[in-house]
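Here are a few short exercises to work through with the model open beside you. Try each task before reading its solution.

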Amino acid sequence: MQIEREEIEAHNDRLITSHRKSYNALSSGIPDVQSVIDKLMNFQIAIPSWALGTGGTRFGRFAGGGEPRSLEEKIEDVGLLHAINRSSGAISLHIPWDIPTNVKAVRKLANHHGLRFDAVNSNTFQDQPQQKLSYKFGSLHHVKKAVRQQAIRHNIEVIRHGQALGSTALTIWLSDGSCFPGQLNFREAFQRTLESLREIYAALPRNWKMYIEYKAFEPNFYSMSVGDWGQSYLFASKLGPKAFTLVDLGHHLPHANIEQIVSLLLMEKKLAGFHFNDSKYGDDDLTVGSINPYQLFLIFNELVEGMDANKMDHARDLSWMIDASHNVKDPLEDLMQSVEAIKIAYAQALLVDRKTLTKAQDANDVVKAQEVLQQAYRTDVRPLIAESRILSGGAVQPVTLYRDLKVRENLIKERGSRVQATGL
Ligand code: PSV
Ligand code: MN
């Protein structure tokens, strides 16, 4: 299915008068609103190839129909999203779930939809049918050299796939760890992981980066070999300038101060970027901003402050991706909501009155500092996001257009109701 420009224009024509009213009311109070709009237009959030189908838990999975049956159809789905919101201009592949068979055709298709290839992700957390050695007891940290070598080879193969597509980063998430006390010598596990990562690092092409993603628990429940930002940062600093720490919002212990982690990683120039999602209990992989939007805003507040302090390009210098699971929602609708939530938090952070905040901090004026942050957070910035979308050729209201055009119904007609996309 393809969405035509005229369909978006007809939708926008219907809603433009009320949009204009709210946009004018809001924008008149924002100094240099044009620079905010420009930043919002440039800001793109990558979509993971594994999140276009219905997700599930270990208890079950309830398919919604019309799921993409191939990498090509996944690219088409991201193309649909991007046509509607003009903010999802990249796709991140997980290997071996999405190995491109015809690289030239896949690149052409992505290009047709205005998409680039974001970081490629390796997978040593599952055993594949033809695989010789098992990852049951880990991969890069494994006690047996042969297993580590197999996992290293896989990561290098993923780099080659990414190179062919024009990606420039490898994301490594390891499920390595232990389930019971005594199972593992922590120090030796760290050293083995480092040694393995060094071999992969050495195979990175010149302009490539390595992102090391940490996670507090699951699937291992006693220790994880890259369990927190400290461990990831240790690896990244020992490896060298091409290695960075990747923050997945769901990978912390409860109540972690993620915004402080982000601020310090940025200060050390070791922040790779994000896997966005939201959670109430653990790695729930819920829609971004659906549980704790204030935390998301506070993270973006640190991001904007830290990126500006480092003179970084907001859109390009960090990696922005969603990593969520859609168990009860239409994945495409869910992704539209996540993209919107990210852009809202970003726009609010751009509105923070930095001068007044710094003055309040320097004077220990706690009340004023809080007022400044909450003034930005409590601003309904949605008209700014809609305006930036309209100017980029997208829809005033993405979900409304998606439903009016009966996108899911059309995908079910094309692909069937009993198809299952690759992924978790
Ligand atoms: C692990 O929980 C993770 O966040 C990693 O990024 C994986 O690549 C992804 O989820 C798999 O769904
Ligand atoms: Mn992740």
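**Exercise 1.** Which residues are around ligand 1?

*Solution.* Keep in mind that this is a predicted model.
- Step 1: Going along the chain, the residues around ligand 1 begin with Trp-50, Asn-121, Trp-173, Glu-213 and Lys-215.
- Step 2: The list goes on with Asp-248, His-275, Asp-283, Asp-323 and Leu-424.
- Step 3: Sorted by character, this shell holds five charged, three nonpolar and two polar residues.

**Exercise 2.** Find the order of the strands in the open sheet of six strands, and say which of them stand at the edges.

*Solution.*
- Step 1: Walking across the sheet gives the order S6-S7-S9-S11-S12-S13, with parallel pairing.
- Step 2: Strand S6 (120-121) and strand S13 (319-322) each have a single partner strand, so one side of each lacks a neighbour in the sheet, and these two are the edges.
- Step 3: Look at one pair up close: S12, residues 271-276, runs parallel to S13 and is joined to that strand by four bridges.
- Step 4: Across this pair, His-275 faces Met-321 of S13. His-275 also appears among the residues around ligand 1.

**Exercise 3.** In the largest nonpolar core, which residues touch the most other members, and which helix gives the most to the core?

*Solution.*
- Step 1: The core has 105 residues, and Ile-91 and Tyr-211 touch the most other members.
- Step 2: Helix H10 (residues 331-350) is the top contributor, giving 12 residues.
- Step 3: Now set aside the neighbours of Tyr-211 within four places in sequence; its contacts then include Ala-119, Ala-169, Leu-170, Ile-172, Phe-244 and Leu-246. Thr-171, Ala-272, Gly-273 and Ser-319 are also in contact with Tyr-211.
- Step 4: As background, nonpolar side chains tend to be buried together in soluble globular proteins.

**Exercise 4.** Decide for Ile-261 and Glu-188: buried or exposed?

*Solution.*
- Step 1: Locate both residues: Ile-261 sits in helix H8 (residues 258-267), and Glu-188 in helix H6 (residues 186-202).
- Step 2: Ile-261 has 21 other C-beta atoms within 10 Å. The cut-off for buried is 20 or more, so Ile-261 is buried.
- Step 3: Glu-188 has 11 other C-beta atoms within 10 Å. The cut-off for exposed is 12 or fewer, so Glu-188 is exposed.
- Step 4: Beyond its neighbours within four places in sequence, Ile-261 is in contact with Trp-229 and Val-247.

**Exercise 5.** How many Å separate the C-alpha atoms of Glu-188 and Val-143?

*Solution.* These residues lie 45 residues apart along the chain, and their C-alpha atoms are separated by 8.8 Å.

Definitions and conventions: Residues numbered from 1 in each chain as written. Chains lettered and ligands numbered in written order. Predicted model: local features only at pLDDT ≥ 70, side-chain atom pairs only at ≥ 80, totals over all residues. Near = placed C-beta within 6 Å. Nonpolar A, V, L, I, M, F, W, Y, C, P; charged D, E, K, R; others polar. Pairing = 2+ DSSP bridges. Core = buried A, V, L, I, M, F, W, Y, C linked by C-beta atoms within 7 Å. Contact = placed C-beta atoms within 7 Å.
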